Amino acid sequence: MSSKIPVAVSFTGVANFLGVIGVIGSLIFVGLELQQSQQIALGGQQQARTALIAELWLAGLEGESETLTAMQSEWETLTPHQKSVREQMQRFFWTMLENNFYQYELGLVEDAMWNQMSQRISTRWNECHLRHVGIDGYYQGFIDYVQSLPDECAD
């Protein structure tokens with residue numbers, strides 16, 4: 001006695017099944033593409049906002065002859081005007097670094113580049129003489145990240 005079970009598969013049934021699998025695969029692919037496009041669009045919007053804010057921070061420094069001195073000299077040796085210039089540059093740096101963080105969160109920055117950016121964030125955070133400039137008003141995820149860094153200014 002044979003235990004073979006006859007299986008009748010029609011060509012139309014197989015073709016329909018493969019067609020459904022193809023449609024499902026296509027929909028998954030389109031969904032992933034839409035998600036990636038949305039992330040890139042969000043990154044572009046953030047970049048545009050950052051550019052406007054950066055222009056605002058730098059506008060007051062246009063033609064400023066003290067910028068290099070303010071950036072390269074020890075804080076204690078700066079005049080009040082030079083300190084003001086340096087504080088404005090710090091605001092500019094925080095704006096750029098916040099943008100970098102956001103772009104990294106979106107997956108638009110490679111890890112090797114992020115390692116360099118995160119070092120710059122840490123350097124800015126540990127400029128104790130400029131801590132009063134602060135990061136208030138920035139993206140909360142960025143604030144949380146910065147505040148989680150080792151704090152060389154804590155006494």
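Is I21 buried, partly exposed or exposed in this predicted model? I21 counts as partly exposed, because its relative accessibility is 45%.

**View 1. A nonpolar surface patch that includes I21.** I21 is part of helix α1, which spans residues 11–59. On the surface, I21 joins V14, F17, L18, V20, I24, I28 and L32 in a nonpolar patch. Together these residues have about 760 Å² of accessible area.

**View 2. R49 of helix α1 and its separation from M71.** Helix α1 also contains R49. With a relative accessible area of 41%, R49 is partly exposed. Between the C-alpha atoms of R49 and M71 the distance is 25 Å, and the two residues are 22 apart in sequence.

**View 3. The surroundings of Q90 in helix α3.** Helix α3 comprises residues 80–105 and contains Q90. Q90 has a relative accessible area of 0% and is therefore buried, the cut-off being under 20%. When neighbours within four places in sequence are set aside, Q90 is in contact with R124, E127, L130 and V133.

**View 4. Salt bridges centred on E127.** Three salt bridges are present in the structure. One of them pairs E127 with R86, with 3.0 Å between the closest N and O atoms. E127 belongs to the loop between α4 and α5 and R86 to helix α3, so this pair ties together parts that are 41 residues apart in sequence. Both residues of the pair, E127 and R86, are buried. E127 also forms a salt bridge with R124, at 3.0 Å from N to O. R124, like E127, is buried.

**View 5. The salt bridge between D151 and R131.** The side chains of D151 and R131 meet at 2.9 Å, N to O. This pair links distant parts of the chain, 20 residues apart: D151 is in the segment after α5, and R131 is in the loop between α4 and α5. D151 is partly exposed, at 34% relative accessible area, and R131 is partly exposed at 24%. Elsewhere, R86, R124 and E127 are joined into one network by salt bridges that share partners.

**View 6. The disulfide of C128 and C153.** The structure contains one disulfide, in which C128 is joined to C153 with an S to S distance of 2.0 Å. The link is left-handed, with -95° about the S-S bond. C128 lies in the loop between α4 (111–125) and α5 (140–147) and C153 in the segment after α5, so the disulfide ties together parts 25 residues apart in sequence. C128 is partly exposed, with 39% relative accessible area, whereas C153 counts as buried at 19% relative accessibility.

Key. Residues are numbered from 1 along each chain as its sequence is written. This is a predicted model: local features need pLDDT of at least 70, side-chain atom pairs count only at pLDDT 80 or more; totals for chains, interfaces and linings use all residues. Side-chain values use heavy atoms; hydrogens and water are left out. Patches are made of residues with over 30% relative accessible area and no salt bridge: like charges are joined within 9 Å, nonpolar side chains (Val, Leu, Ile, Met, Phe, Trp, Tyr) within 5 Å. Accessible areas come from the Shrake-Rupley method with a 1.4 Å probe; for residues, only the protein chains shown count as cover. A salt bridge is a side-chain nitrogen of Lys or Arg within 4 Å of a carboxyl oxygen of Asp or Glu. Helices (H or I, at least four residues) and strands (E, at least two) are DSSP runs, numbered from the N terminus. Buried means under 20% relative accessible area, exposed over 50%, partly exposed in between (1.4 Å probe, protein chains only). Contact means heavy atoms within 4.5 Å. A disulfide is a pair of cysteine sulfur atoms within 2.5 Å.
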